[in-house]
Amino acid sequence: MLMNAGPTNVSPRVMDAINQPLIHFMDPKFLEVLREISAGIRYVFQTRNQYSMALTGSGNCAMEAAICSLLETGHTFLVLVHGFWGERAALIGRKHGYNVVELRVQRPGHLFGFKRIDEAIKAHKPRLMYVCHGDSSVGTLQPLENLANVCHENGCLLLVDAVISLCCAPLNVDQLVIDAVFSGSQKALSVPPGVSFISLSPRAVERMKSRKTEIVSLYLDLILLAKAWCLDSDNHYKYNMYNYKYVYHYTPAVQLMYGLRESLAMVVEEGLQNVIERHQKCSLFVQKEITSLGLQFLVQKPEHRLSALLALWIPDHIDGQKVINDLCNSYGITISGGLGAISHQIWRLGFLGVNANPQNVNTLCKAFSEAINRQKNRE
Ligand SMILES: Cc1ncc(COP(=O)(O)O)c(C=O)c1O
């Protein structure tokens, strides 16, 4: 059982969808699959954005595609760093040669207040700002309200990483006026790793189309990807299933797209709000159990915690890795250690997608408590 930061277990329905016979990606029937995925992406992100599409490549792929499609040489890229994922966005920005400005939280587990962000945008005049809605390396959930306003007033686009927060926390992309938002397959959607997806606002599309320079990557060029998905309004309405002309970008992961379509359909059937509440209820249960074990959360305030991924400090007298190994060997349960600067100091418990159910979280908590007690008794 994968009770970690992802990938999570795959739902049987998704597995059945993946097992369908392969069709050619230039077959018009595949365009229909893409259209349904696009509609599903709009639903889970709560947006009307035409440019809503999936990429063959994991969450990092969508992150880099967004950054290099929306920025040009000489532009300033403001990155809010809660933990590992902000550092990753900054690293991508530096590798592409943008002028990266990092804004860091005072301590791991803290959030940014609006005032600090507002001042940084006004001081640095970035063209793009990255913010991680849920940072899985520390378990934070950053509020996004009012950020778009200050970004737009200063000529900046708002890029949101929703890889782990999607379907676990409310995220209304149109209400928040987010310009670019991405997520991945292997978290709350319970699809195997290998695909990610992104949605771009008309403002972001306009920015890409009015670039003075070419996007430096071909594979990650979101204008080319949108062409392959027939998302441009002219193409979108002109071509129907029987007379569309495929625009080749690269060979997509056809089977994973089937899986993604199925998973998005499952969210529609269950209802986005119900999916979010299922994750939140499981989280409250786990938080209660963890508190009763006397363990400390990395994120102190419950309202600042990401529901489906909880980061816990490993007590001094316990060998964290031994608990991880014990859970794996004795119960077949995988939990995560840390990532980045505090990697040896924390455990991360995840209950994403199909694993967000009372039975699995109960099994996790019992096994976790037993594994900790065994380590305590050995010390
Ligand atoms: C918040 C966040 N952003 C980005 C990523 C990168 O996704 P991937 O590992 O699918 O490339 C992850 C993966 O855990 C993540 O949790």
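**Buried cysteines, Lys187 and local backbone geometry**

Cys168 has a relative accessibility of 1% and therefore counts as buried in this predicted model. Its sequence neighbour is a natural companion to look at next: Cys167 is buried too, with a relative accessible area of 2%. A disulfide is a covalent bond between the sulfur atoms of two cysteines. Why, then, is Cys167 not bonded to Cys168? The sulfur of Cys168 is the closest cysteine sulfur to that of Cys167, yet the separation is 6.7 Å, which is too far for a bond, given that a disulfide requires sulfur atoms within 2.5 Å. Seen from the other side, Cys168 takes part in no disulfide, and its nearest cysteine sulfur is that of Cys167. The search of the whole structure likewise returns zero disulfides.

Lys187 comes with an annotation. An unreviewed UniProt entry lists this residue as "modified residue: N6-(pyridoxal phosphate)lysine". In the model, Lys187 sits in the loop that runs between strand S8 (180-184) and strand S9 (195-200), and it is buried, at 9% relative accessible area. Leaving aside residues up to four places away in sequence, Lys187 touches Ala5, Gly6, Thr8, Val163, Ile164, Leu352 and Gly353. With Ala5 there is also a polar approach, as the Lys187 side chain comes to 2.7 Å from the backbone oxygen of that residue. Gly6, another of the residues touched by Lys187, is joined to Pro7 by a cis peptide bond with omega of about 5 degrees. Pro7 itself belongs to the segment before helix H1 (12-18).

Ser137 offers a second buried loop site, with 1% relative accessibility, placed between strand S5 (134-135) and strand S6 (140-141). Which partners does the side chain of Ser137 find for polar contact? One is the side chain of Asp135, at 2.6 Å; in addition, a polar atom of the Ser137 side chain lies 2.9 Å from the backbone nitrogen of Phe84. Beyond four places in sequence, the residues that Ser137 touches include Gly83, Phe84 and Trp85, as well as Leu339, Ile346 and Arg348.

Two backbone torsions also deserve a look. Most residues other than glycine have a negative phi, and most peptide bonds are trans. Val177 has a positive phi near 55 degrees, and Cys230 likewise has a positive phi, of about 55 degrees. Val177 lies in the loop between strand S7 (157-161) and S8 and is partly exposed, at 40% relative accessible area. Cys230, in the loop between helix H8 (222-228) and helix H9 (233-238), is instead buried, at 1%.

Key:
Residues numbered from 1 in each chain as written. Predicted model: local features only at pLDDT ≥ 70, side-chain atom pairs only at ≥ 80, totals over all residues. Heavy atoms only, no water. Helix = DSSP H or I, 4+ residues; strand = E, 2+ residues; numbered from the N terminus. Buried < 20%, exposed > 50% of the residue type's maximum accessible area, 1.4 Å probe, protein only. Polar contact = N/O pair within 3.5 Å; in protein donor to acceptor, adjacent residues only side chain to side chain. Contact = heavy atoms within 4.5 Å. UniProt positions renumbered as here; feature names shortened; annotations may be inferred.
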